[in-house]
Amino acid sequence: MKIISTDTPLSEVILADPSIIPVINRLGIALGTDDRSVAEVAGAHHLSADFLLTIINTFACRDYFPANALSRVDMPTMLSYLELTDRYYLHFQIPNIERHFNALVASGPDNSSLTLLRRLFDKAKTDLMALIDSDMRSLFPTLRSLASGEGGECDTPAVDTAAAEAVEEMLADLLSMIVRNISGHYDPNLCYATVVAVDGLRSDLSKNNRIRNLILRPAALALASKR
């Protein structure tokens, strides 16, 4: 996708890359944007247009580097977005994959390869849930305290994306194994739905990792330098 500007109609962005929909939903923006620009939609939802633009471009455009991100980032808004992202994984994407996998395994009860693939997903799920727990219990609360000036002498936590990248790699390996190695009896429609669901989570994790790397990490370091 080409780099988006504040004058770009948000509907054009969504139509070019529908994976943007969960991103704007996390910021309280629903569909039905008409022909309003990114700036107009941001204003209607009491968001900084620069912040919305930075999030969308970082998520959707691989060639985009948010050089002036620090001047655009409101830490509480950023953390609310990331918290909603974690909750989206926890309450929607993970259960969605599980439903598809359970139905797929049930469609071929004699299929040992499906059972193995499900175990691989369970490992990725466990690691992702541990990452989310760390965000909710440690990273986000500490950064909120620092942003409000109430952090005292607490250490600024490292914004570690290695764990999320490891989960992303596990999901990519799982997709490869499904495509290359699945055998036996299975429902092809359920298999396709499972692949789409797993790839959706992998893709979202990959793009969200860019946001954590390019926006959250430097913002956290900037907070630390002001103490």
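Which residue's side chain meets that of E98 in a salt bridge? In this predicted model, the partner is R118, with a distance of 3.5 Å from N to O. Because E98 sits in helix α6 and R118 in helix α7, the pair ties together parts of the chain that are 20 residues apart in sequence. Both ends are covered: E98 is buried at a relative accessible area of 17%, and R118 counts as buried at 14%.

**Salt bridges**

A search of the whole structure turns up 10 salt bridges. Three of them, with their N to O distances, are set out here for easy reference.

| Pair | N to O distance |
|---|---|
| R144 and E83 | 3.8 Å |
| E98 and R118 | 3.5 Å |
| R137 and D133 | 2.7 Å |

Let's take the other two pairs in turn. The side chains of R144 and E83 meet at 3.8 Å. This pair links distant parts of the chain, with R144 in helix α7 and E83 in helix α6, 61 residues apart. R144 is partly exposed, with a relative accessible area of 30%, and E83 is also partly exposed, at 22%.

R137 and D133, by contrast, both lie in helix α7, four residues apart, or about one turn of the helix. R137 is exposed, with a relative accessible area of 67%, while D133 is partly exposed at 37%. Beyond single pairs, salt bridges that share partners join E98, R118, D122 and K125 into one network.

**Aromatic pairs**

How many aromatic pairs are there? The count comes to two. In the pair Y88 and F92, the ring centres are 5.2 Å apart and the planes stand at 25°, so the pair is stacked. The angle falls under the 30 degrees that counts as stacked. Y88 and F92 are four residues apart in helix α6 (residues 75–107), so about one helical turn separates them. Y88 is partly exposed at 21% relative accessibility, and F92 is partly exposed at 39%.

**Helix α7 and the surface**

Helix α7 spans residues 112–147 and includes S138. Is S138 buried or partly exposed? With a relative accessible area of 35%, S138 is partly exposed. S138 and N111 are 27 residues apart in sequence, and their C-alpha atoms are 41 Å apart in space.

Elsewhere, D160, E165, E169 and D173 form a negative surface patch. One of these residues, D173, lies in helix α8 (residues 162–181).

Terms used. Residues are numbered from 1 along each chain as its sequence is written. This is a predicted model: local features need pLDDT of at least 70, side-chain atom pairs count only at pLDDT 80 or more; totals for chains, interfaces and linings use all residues. Side-chain values use heavy atoms; hydrogens and water are left out. Helices (H or I, at least four residues) and strands (E, at least two) are DSSP runs, numbered from the N terminus. Buried means under 20% relative accessible area, exposed over 50%, partly exposed in between (1.4 Å probe, protein chains only). Patches are made of residues with over 30% relative accessible area and no salt bridge: like charges are joined within 9 Å, nonpolar side chains (Val, Leu, Ile, Met, Phe, Trp, Tyr) within 5 Å. Accessible areas come from the Shrake-Rupley method with a 1.4 Å probe; for residues, only the protein chains shown count as cover. A salt bridge is a side-chain nitrogen of Lys or Arg within 4 Å of a carboxyl oxygen of Asp or Glu. Lys and Arg count as positive and Asp and Glu as negative; His and the chain ends are not counted. The place of a charge is taken as NZ of Lys, CZ of Arg, CG of Asp or CD of Glu. Rings of Phe, Tyr and Trp (its six-membered ring) pair if their centres lie within 6.5 Å; planes under 30 degrees apart count as stacked, over 60 as edge-to-face and the rest as tilted.
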